[in-house]
Amino acid sequence: MQKVVLSEISLIHGDVKTPKGFEIDRVKIKNDILSSFVENKRISQNNKDYSYQDYKVPFSPPLQWLNDYLRDHVRLEHDFTLIPKLHFGVVLNPQEKSFLRNQVDPVDLKNAADFTLIYVVECEKDSCELIIEFDDNRRKGRTWHIPLQNNYFYLFPSTQKYFISENKSNKINTFLTSTYEYI
């Protein structure tokens, strides 16, 4: 008897472990996201679009270091290379949650991202979860609940629907979302 895996939904996750003195400057990334939030630098100006709640994140050395870290570790541990496409920030005030969405345009699959990354810039402990929807053959609409922690990343196929649950804290939670192609 033989088994062949025809399809797989992978979730790659972990904390960003850098040598002492070379930590990712999460404060800089957070300030860039919050600055875009305050100045209304949205990905889309259409309030009917999901990306209306997504905020531009300018290029910065910490963002580049995070991309380099992920690219190198994914290549080393999983044998494929990530190529960045888009970065944006998500800000969740107390009692807010994100939309259920994925990161593909169904009418432009050729240019769609392959992977979505959620990086936790700053999130109060036990205040929210990343929830990923998936189908397990005929068992449709399953969900995977992942408690979010600072300096952790979660990488999954961009076709998966996901959302960040309600912020149960009394502080603002800040996340970086990135999309990638792979080769």
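**Aromatic pairs, a small sheet and a helix**

At 10% relative accessibility, F115 falls under the 20% cut-off and so counts as buried. That's our way into this structure, which is a predicted model. Y182, by contrast, comes out at 44% relative accessibility, so this tyrosine counts as partly exposed.

Why look at these two together? A pair of aromatic rings is described by the distance of the centres and the angle of the planes. With rings counted as paired when their centres lie within 6.5 Å, the model has seven aromatic pairs. For F115 and Y182, the centres are 5.7 Å apart and the planes meet at 70°, so this pair is edge-to-face. The two rings come from distant parts of the chain: F115 belongs to strand β4 (residues 115-122) and Y182 to strand β9 (residues 173-182), with their positions 67 residues apart. Add F80, and you have one aromatic cluster made of F80, F115 and Y182.

Next up is another edge-to-face pair, F156 with Y162, at 5.3 Å centre to centre and 65° between the planes. Here F156 is buried, with just 2% relative accessible area, and Y162 is buried too, at 4%. Rings can also meet charges: the charged end of R42 sits over the ring of Y52, 3.9 Å from its centre.

Now for a sheet. Strands of a sheet pair through backbone hydrogen bonds, either parallel or antiparallel. In this one, three strands line up as β6-β5-β8, forming an open sheet with antiparallel pairing. The edges are β6 (139-147) and β8 (162-164), each of which pairs on one side only. Ignoring direction, neighbouring strands here are turned by 20° against each other on average. Zoom in on β5 (residues 129-136) and β8, and you'll find three bridges holding to the antiparallel sense; I131 has F163 in β8 as its bridge partner.

Finally, take helix α1 (residues 26-38). Its 13 residues reach 18 Å from first C-alpha to last, close to the 18 Å expected at 1.5 Å a residue. Which residues of α1 are buried? They are I29, K30, D32, I33, L34 and S36. An α-helix has 3.6 residues a turn, so residues three or four places apart point the same way. The cover over the buried residues of α1 includes β2 (55-56), α2 (61-78), β3 (82-92), β4 and β9. That list brings back two familiar strands, since F115 lies in β4 and Y182 in β9. Just after α1, N40 takes a positive phi of about 55°.

Terms used:
Residues numbered from 1 in each chain as written. Predicted model: local features only at pLDDT ≥ 70, side-chain atom pairs only at ≥ 80, totals over all residues. Heavy atoms only, no water. Phe/Tyr/Trp six-rings, centres within 6.5 Å; stacked < 30°, edge-to-face > 60°. Helix = DSSP H or I, 4+ residues; strand = E, 2+ residues; numbered from the N terminus. Buried < 20%, exposed > 50% of the residue type's maximum accessible area, 1.4 Å probe, protein only. Lys NZ or Arg CZ within 6 Å of the ring centre and 35° of its normal. Pairing = 2+ DSSP bridges. Axes fitted to C-alpha atoms, helices over the stretch in contact; angles between N-to-C directions. Expected span 1.5 Å × (residues − 1). Contact = heavy atoms within 4.5 Å.
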